[in-house]
Amino acid sequence: MTGSAEFVLPYGQDGDVRSFAFDVRSAPYSRTILLPGGKEVSSPADATGTVWVEHRLAEQNITVRFEAAVDCMITSPGHAALTGIVTRADEIAIEHLGKRVGFSVQDGGRGRDRVGFTWSASFDQDEAGNWGPARIGTCLAPAAFATVSRGDYTVRHAQLTAPPDGE
């Protein structure tokens with residue numbers, strides 16, 4: 001999954017310029033996580049790479065940036081869902097630092113791509129019924145809801161595979 005593009009939101013139209021750049025590769029079974037009870041697992045959806053987020057706030061005349069280290073990606077022909085942990089953020093976006101964010105991409109060909117992301121459209125409810133920011137699991141992202149206005153994304157489908165040791 002590669003590329004860089006600007007996009008427009010279908011809601012809250014404004015003069016802002018939003019863009020995502022992706023350089024992500026599948027890396028099946030490359031990351032081991034420890035589950036409760038001590039079991040170690042890895043995933044066919046393990047991935048590596050970086051996402052760069054840039055949001056030009058026209059009204060405030062500032063640009064906000066952050067980067068995320070990708071940990072998971074699942075593809076199908078023309079589509080990708082991926083997540084990463086924010087590793088660097090401008091001061092104004094510092095609340096994202098250390099948190100998982102999700103992205104989706106629809107590669108419809110130049111001029112027909114779309115993207116989605118978790119932090120403006122996803123919320124979660126706790127056991128007491130209180131609403132707050134959504135907890136984002138690996139490879140979870142909303143549908144690609146925003147239309148690319150300039151740039152291009154390329155999704156190369158990678159089939160999920162069985163573990164190398166046959167388990």
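**Figure 1. Confidence across the predicted model.** pLDDT is the predictor's confidence in each residue, on a scale from 0 to 100. This is a predicted model, and its mean pLDDT is 92. A value of 70 or more is reached by 99% of the residues. If you would like to look at the two ends of the range, start with strand β10 (residues 123-125), where confidence is lowest at a mean of 86, and then turn to β7, where it is highest at 98.

**Figure 2. The largest nonpolar core brings together 31 residues.** Met1, Phe20, Phe22, Leu82, Phe103 and Tyr153 have the most contacts inside this core. Eight strands are worth picking out here, as each gives two or more residues to the core: β1 (2-8), β2 (17-26), β5 (47-57), β6 (62-76), β7 (79-89), β8 (100-106), β9 (114-117) and β12 (146-154). Strand β6 supplies the largest share, with 5 residues. As background, nonpolar side chains in soluble globular proteins tend to be buried together.

**Figure 3. A close-up of Tyr153 and the residues it touches.** Tyr153 is one of the core residues with the most contacts inside the core. Setting aside residues up to four places away in sequence, Tyr153 touches Met1, Thr2, Gly3, Ser4 and Ala5, among others. Further along the chain, its partners include Phe20, Phe22, Val105 and Val115, together with Val148. Two aspartates, Asp107 and Asp113, are also touched by Tyr153.

**Figure 4. Cys72 and Cys139 form a disulfide.** A search of the whole structure turns up 1 disulfide, and here its sulfur atoms lie 1.9 Å apart. The bond links distant parts of the chain, 67 residues apart: Cys72 sits in strand β6, and Cys139 in the loop between β11 (131-133) and β12. The torsion about the S-S bond is about -105 degrees, so this disulfide is left-handed. Are these two cysteines buried or exposed? Both Cys72 and Cys139 are buried.

**Figure 5. Asp46 and its polar contacts with backbone nitrogens of Ser30 and Arg31.** You will find Asp46 in the loop between β4 (40-41) and β5. Its relative accessible area is 2%, so Asp46 counts as buried, the cut-off being under 20%. The Asp46 side chain reaches the backbone nitrogen of Ser30 at 3.1 Å and that of Arg31 at 2.9 Å. Neighbours within four places in sequence aside, Asp46 is also in contact with Ser26, Ala27, Pro28, Tyr29 and Asp71.

Terms used. Residues are numbered from 1 along each chain as its sequence is written. This is a predicted model: local features need pLDDT of at least 70, side-chain atom pairs count only at pLDDT 80 or more; totals for chains, interfaces and linings use all residues. Side-chain values use heavy atoms; hydrogens and water are left out. A nonpolar core is a set of buried Ala, Val, Leu, Ile, Met, Phe, Trp, Tyr and Cys residues joined through side-chain atoms within 4.5 Å. Buried means under 20% relative accessible area, exposed over 50%, partly exposed in between (1.4 Å probe, protein chains only). Helices (H or I, at least four residues) and strands (E, at least two) are DSSP runs, numbered from the N terminus. Contact means heavy atoms within 4.5 Å. A disulfide is a pair of cysteine sulfur atoms within 2.5 Å. A polar contact is a pair of N or O atoms within 3.5 Å; within protein, one must be able to donate a hydrogen and the other to accept it, and residues adjacent in sequence count only if both atoms are side-chain atoms.
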